[in-house]
Amino acid sequence: MARENNGEYVYSEEYEIQAEQFFHEDEFNRDAEIGLNKRDSYEGGEDGDDGISFGTDTSSINVPAFAGLSAGRRKNKKHRQNKLHSKAAAKAAAGLKTGAITVAAVMSIATVAMAHEHIFNDGWLVTVPPTCLQEGEQVLVCSDCGKTVETEILPLSGHTEGAWTVQTKADCSHEGTEVKLCTVCQLEMDTRDTGLGDHVAGSWIVDIEKTCTADGHRHRVCSVCGMELESEVLEAAHTEVKDMAVEANCTQTGLTEGSHCSECGAVIVKQQIVPAKHTPVVIPAVKGDCTHPGLSEGSRCALCDKILTPQTETPVEHSAVAIPAVAANCTQTGLTEGSKCSVCGLVLKAQQTVPVQHSPQILAAVAKSCKTDGLTEGSICSICQTVLVAQQTIPASHNEYTVPGYPATCTEYGLENGVYCSDCGEVIVQQLDIQPFGHTEQVVPGYPETCSTAGLTDGLICATCGEVFQAQQTIPANGNLHDWQSATDDSGNTYSYCAVCGYTP
């Protein structure tokens with residue numbers, strides 16, 4: 001604190017620290033009252049409206065008074081900092097004898113009071129996010145001056161686990177594997193087996209080629225393990241080619257389109273004879289007038305010029321022009337439209353008197369909505385305002401829209417139709433699930449083997465979706481199944497032969 005030396009007070013660092021502690025005390029009114037009481041007891045001090053004066057031999061220092069502080073504490077931090085230098089000077093004056101306090105001492109105290117206080121409105125700010133490969137960093141930045149006050153290192157974060165990905169693809173003979181990798185550093189974090197995969201169907205192999213009259217057969221196997229997966233009968237069928245149609249004309253008959261088999265020549269669709277016919281062209285009509293008759297439209301053959309439709313004479317025809325109508329209104333009669341001949345002036349259609357009538361003015365329709373009524377279109381007379389067509393109320397209603405469902409299958413759920421309002425979205429009929437109806441087993445009949453041809457076992461499939469429950473198996477040909485028959489040759493010798501394959505022992 002300040003100490004006495006040769007009759008003068010010298011400011012020390014210890015006193016500066018005590019003064020700073022004083023500035024941070026929260027009891028402003030108590031400090032102000034103590035300072036003012038001490039001031040009144042010092043020799044040379046005098047009260048004034050503007051502050052407190054302390055006298056020395058060589059100088060005087062005027063410090064602003066604490067007027068008004070006792071009325072209430074200062075809540076605003078910046079306002080308190082602006083007043084600290086006044087409070088520091090008053091505190092120093094109140095605690096010292098009347099004597100020589102230097103200007104430097106008071107100014108040093110005021111400087112301490114004005115020291116900056118950092119404010120951290122945003123808290124810690126992460127400048128470098130940590131990962132599994134790199135440490136992070138966060139800082140404290142003063143919201144007032146922008147200075148970085150403190151920096152802190154953030155430790156490495158853990159690995160980020162990704163989704164399962166295929167490492168080794170499975171097939172029917174080899175198990176597959178899947179792994180999980182860190183999405184940042186690609187470190188392998190987990191692995192698992194996925195088991196065997198499905199068979200891979202190869203191309204169809206034709207065992208017996210089909211013909212126009214005999215069925216064939218084909219099968220296919222797994223391209224990985226060679227297991228037979230499915231087989232099927234190739235039904236006999238002709239190889240159809242078209243026989244082009246021949247257009248008839250007025251001198252020659254034609255033919256309809258047909259077809260035949262390109263392998264065996266059998267006629268599949270027989271061509272029919274089209275009778276000869278003319279090719280008509282129009283003979284234009286000749287319009288008559290009020291003094292000369294006309295001719296009707298006719299026709300002739302474009303090839304042989306034969307008259308197909310003779311022209312006939314049409315009666316005398318006037319050239320009609322319209323006599324405009326006169327509109328009636330609600331006070332005057334009108335006239336209908338008439339007509340007369342523009343050549344001879346003959347009235348062809350007399351005008352008729354139209355009784356007095358209103359002039360309709362449309363009253364626009366008002367569309368209904370889901371919640372509010374609408375109105376039909378109406379009309380009133382624009383002259384006398386008589387209601388001609390009264391507007392009718394259209395009750396409020398939803399604009400229903402059907403959401404189509406879909407049927408169930410042997411194993412999959414279906415969905416019923418639903419209904420909702422396309423205007424407001426309200427659900428009117430909720431869509432409900434349809435239970436799957438299960439498989440319907442059907443036997444696919446096979447056929448026995450012979451001494452020269454293979455047979456086929458019975459199979460089992462779903463009659464609805466075609467799923468194979470039991471695949472048909474090929475039965476190899478059996479040479480012990482000959483159908484032996486006896487015959488006599490030209491020399492009268494008896495011999496045996498197989499009636500199926502013709503084999504003779």
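Modeller: Two strands pair if DSSP finds at least two bridges between them. The structure discussed here is a predicted model.

Colleague: Why are strand 15 and strand 17 called paired?

Modeller: Strand 15 (residues 240–243) is joined to strand 17 (residues 258–261) by 4 bridges. The criterion is at least two bridges, so the two strands count as paired. They run antiparallel, and Val241 is the residue opposite His260 of strand 17.

Colleague: What makes strand 17 and strand 18 a pair?

Modeller: Strand 17 and strand 18 (residues 267–269) share 2 bridges in the antiparallel sense. Since at least two are required, 2 bridges satisfy the definition. His260 has Val267 as its bridge partner in strand 18. The two strands form a hairpin with 5 residues between them, and Gly265 in the turn has a positive phi of about 80 degrees.

Colleague: Which strands make up the open sheet of 3 strands, and in what order?

Modeller: The order is 9-10-11, and the pairing is antiparallel. Strand 9 (165–168) and strand 11 (188–196) are the edges: each has a single partner strand, so one side of each is without a neighbour in the sheet. On average, neighbouring strands here are turned by 35 degrees against each other, direction ignored.

Colleague: How do you know that strand 9 and strand 10 pair?

Modeller: Strand 9 and strand 10 (residues 175–181) have 3 bridges between them in the antiparallel sense. At least two are needed, and therefore 3 bridges meet the definition. Thr168 and Thr177 of strand 10 are bridge partners.

Colleague: What makes Glu178 and Arg192 a salt bridge?

Modeller: Their closest N and O atoms are 2.7 Å apart. The cut-off for a side-chain nitrogen of Lys or Arg and a carboxyl oxygen of Asp or Glu is within 4 Å, so the pair qualifies. Glu178 lies in strand 10 and Arg192 in strand 11, so the contact ties together parts 14 residues apart in sequence.

Colleague: Why is Glu178 called buried?

Modeller: Glu178 has 17% relative accessibility. Buried means under 20%, so Glu178 falls in that class. Arg192, at 39%, counts as partly exposed.

Colleague: How do you know that Glu232 and Arg218 form a salt bridge?

Modeller: The N to O distance is 2.5 Å, and the limit is within 4 Å, so the definition is met. Glu232 lies in strand 14 (residues 228–234) and Arg218 in strand 13, so this pair ties together parts 14 residues apart. Glu232 is partly exposed at 29%, as is Arg218 at 23%.

Colleague: Which strands are linked by the salt bridge of Arg220 and Glu230?

Modeller: Arg220 is in strand 13 and Glu230 in strand 14, 10 residues apart. Their side chains meet with an N to O distance of 2.7 Å. Arg220 has 22% relative accessibility and Glu230 has 30%; partly exposed lies between 20% and 50%, so both belong to that class. A search of the whole structure finds 7 salt bridges.

Colleague: Why is Ala214 called partly exposed?

Modeller: Ala214 has a relative accessible area of 34%. This value is neither under 20% nor over 50%, so the residue is partly exposed. Ala214 lies in the loop between strand 12 (205–208) and strand 13 (216–221).

Colleague: How many residues, helices and strands does the protein chain have?

Modeller: The chain has 5 helices and 46 strands. Of its 505 residues, 21% are buried.

Key: Residues are numbered from 1 along each chain as its sequence is written. This is a predicted model: local features need pLDDT of at least 70, side-chain atom pairs count only at pLDDT 80 or more; totals for chains, interfaces and linings use all residues. Side-chain values use heavy atoms; hydrogens and water are left out. Axes are lines fitted to C-alpha atoms, for helices over the stretch in contact, and angles run from 0 to 180 degrees between N-to-C directions. Buried means under 20% relative accessible area, exposed over 50%, partly exposed in between (1.4 Å probe, protein chains only).
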